[in-house]
Each structure stands twice: as structure tokens, then as C-alpha cells.
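Trainee: Could you take me closely through the part of this model where the ligand sits, and then through the strands that belong to that region? I would like one connected account that I can follow beside the structure.

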Amino acid sequence: MRIDVMTLFPAMFEGVFSSSILGKAKDKGLVELNTINFRDYTKDKHNSVDDYPYGGGGGMVLKPEPLFEAVESLTDSVKTEAMPRVILMCPQGEKFTQKKAEELSKESHLIFVCGHYEGYDERIREFLVTDELSIGDYVLTGGELPAMVVIDSVARLLPGVLGNETSAVTDSFSTGLLEYPQYTRPVSFRGMDVPDILLSGHHLNIETWRRKQSFLRTLERRPDMLEGLELSKEQMKWKQE
Ligand SMILES: NC(=S)c1ccno1
């Protein structure tokens, strides 16, 4: 997968794109990560990327030209079979979820648009962008941190990135439920013991215990995730306990 990020602050991505799992994935060639400073696509002597809003009002609005030309410089140079997804990170966007991460992980080329200032010229939304995503109902200083969140969530799903393919499958939300409790050595820590079931070696019983724990944890912490779902017989039993 190729990921390009349109930003006025490329340095913000240096750590994310060079360290830990994303850095390793980049080194293994599993994902190509680039930043493009769309200020480089301005043509006026002040390199303006924003301007005052028509109709007045406070704040500045990102101009369409630099972003259109920056994105088009990519799509013209990268003759991909399919047009890339151009993703605008903004509070008005669709709420980002694990399901959306799984959908985006199937794409070959993603372009993220990270804005600052008060907003974007509407023509960017109407004619350049394919998706608008929000990581939550709050306002940040820009789209860079949300883009990092989405990139991390998508890239970890790419084959070979995590190394242990199964771990992404059992993560919270991937199963539709929150993840079950995890334990590792020591078997007893300050009097807090690992549940006996996990030491039993009885894999079927362990699987059942984990399914139950996932269901009960979801029921307790995120009942909204169960709304509209038809509970299985075992889930109904656990719910009644
Ligand atoms: N909530 C999101 S994605 C955002 C972007 C900029 N400010 O908030």
C-alpha cells in the first residue's frame, strides 16, 4: 500500500513513519509512506495556503488551488489502476471505526489531507475528496494527529505488518466485541493470580472462557455495540447469570 499525506507540517510524521511497527513495515516494503507539503504548490510570492472567507467571519479558510495541485501531482505521476482514496480528516467526517480501517486496508493507495486553520474551501470537499473521516467529536489544531491514528489502524491490518496475523483478528472490535482479558508470566504477581482456566491446557474450555469474557466485557462497558444484534444461546445464558 502507498500512503501519501498532504500536510503543512511534514516533520510531525517523521517519528511515526520511522519507528516501531510502521517503521519496520516501511523498511520491509509492506507500506510506502510519504509526506507532501502542499505549501510547495502555492504560486504567489507569500506562498499562501489560506485566505479570508467570502461573506466575512472569523478565521481563515484553506484555498483550493494548492491542495488540488498537490493531489493531482500525485495521481498524474502514479498511474494506479484505481483512483486513490482521498481522505479529508475533519470533525464533520464519518466516525472512524475498525470496520472502516478494514475497508481502507484493502486499498492500494490512500491520500490523506490534513488541514489547519478554520476549515477548507468547500470545493475541496465536493470535487477532490472521496472520504471525510473523524476520529471523534472534538476539535484539534489540525488533521495530522487524526491521520496518524487512521494510518496506524489501517497499516497494522496489512499482511505481514504485525507478524502474527491472528492478533489483528482477535483485537477489540475486529470480532465485533471487546477483547478478552490477557495474561502472561508470572503466574502470580503480588497475590494476583492468572485464572486457572488459562493454565488448564484445555483449549476448548479456554476458547469458551475467552468468548464469555469478551461478551461480558462488552455488555458491561459498551452495550451499544450489542444493540440490534441477535444474541446467541450461550450469550443469552451468560447475560442471565
Ligand atoms: N476530529 C477530527 S478528525 C479533527 C480534525 C481536526 N480537528 O478535529
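Mentor: What follows starts at the ligand, moves outward to the strands, and ends with two backbone details.

Please keep in mind throughout that this is a predicted model. The space that the ligand takes up is the largest pocket, and the elements that each give two or more residues to the shell around the ligand are β5, residues 85-95, and β8, residues 131-134. Of these, β5 provides the largest share, with 3 residues. If you go through the shell by name, you will find Met-89, Cys-90 and Pro-91, then Leu-133, Ser-134, Ile-135 and Gly-136, and further along Tyr-138, Val-139, Leu-140, Gly-142 and Pro-146. Sorted by character, the shell has 9 nonpolar residues and 3 polar ones, while no charged residue takes part.

Within these surroundings, nitrogen atoms of the ligand come close to polar atoms of the protein at several places, which are best taken one by one. At Ser-134 the partner belongs to the side chain, where an N or O atom is 3.3 Å from a ligand nitrogen. At Gly-136 the partner is instead a polar backbone atom, and the distance from a ligand nitrogen is 3.1 Å. Leu-140 likewise offers a polar backbone atom, here 2.9 Å from a nitrogen of the ligand. As for how far the ligand is enclosed, on its own it has 260 Å² of accessible area, and the protein covers 96% of this.

From the shell we can step to the strand pairing. β5 and β8 run parallel to each other and are joined by 5 bridges, and one residue pair here leads straight back to the ligand, since Met-89 has Leu-133 in β8 as its bridge partner, and both residues are among those that surround the ligand. β5 also pairs in the parallel sense with β6, residues 109-113, over 4 bridges, and in that pairing Ile-87 is matched with Phe-112 of β6. In general, the strands of a sheet are held in pairs by backbone hydrogen bonds, whether they run parallel or antiparallel.

For comparison, you can also look at an open sheet of 3 strands, in the order β3-β4-β7 and with mixed pairing. Its edge strands are β3, residues 50-51, and β7, residues 119-120, each of which pairs on one side only. β3 and β4, the latter covering residues 61-62, are antiparallel and joined by 2 bridges, with Asp-50 opposite Leu-62 in β4.

Two backbone details remain. Asn-47, in the loop between β2 (32-37) and β3, has a positive phi near 50° although it is not a glycine. The peptide bond from Arg-185 to Pro-186 is cis, with omega near 5°, and Pro-186 lies in the loop between α7 (165-170) and β9 (188-189). As a general background, most residues other than glycine have a negative phi, and most peptide bonds are trans.

Definitions and conventions:
Residues are numbered from 1 along each chain as its sequence is written. This is a predicted model: local features need pLDDT of at least 70, side-chain atom pairs count only at pLDDT 80 or more; totals for chains, interfaces and linings use all residues. Side-chain values use heavy atoms; hydrogens and water are left out. A residue is near a molecule or strand if one of its heavy atoms lies within 4 Å of it. A polar contact is a pair of N or O atoms within 3.5 Å; within protein, one must be able to donate a hydrogen and the other to accept it, and residues adjacent in sequence count only if both atoms are side-chain atoms. Accessible areas come from the Shrake-Rupley method with a 1.4 Å probe; for residues, only the protein chains shown count as cover. On a 1 Å grid over the protein atoms alone, a cavity is a set of points where a 1.4 Å probe fits but cannot get out, and a pocket is an open set with protein on both sides within 12 Å along at least five of seven lines; lining residues have an atom within 4 Å of a point. A molecule sits in a cavity or pocket if more than half of its atoms lie within 2 Å of its grid points. Ala, Val, Leu, Ile, Met, Phe, Trp, Tyr, Cys and Pro count as nonpolar, Asp, Glu, Lys and Arg as charged, and the others, Gly among them, as polar. Two strands pair if DSSP finds at least two bridges between them.
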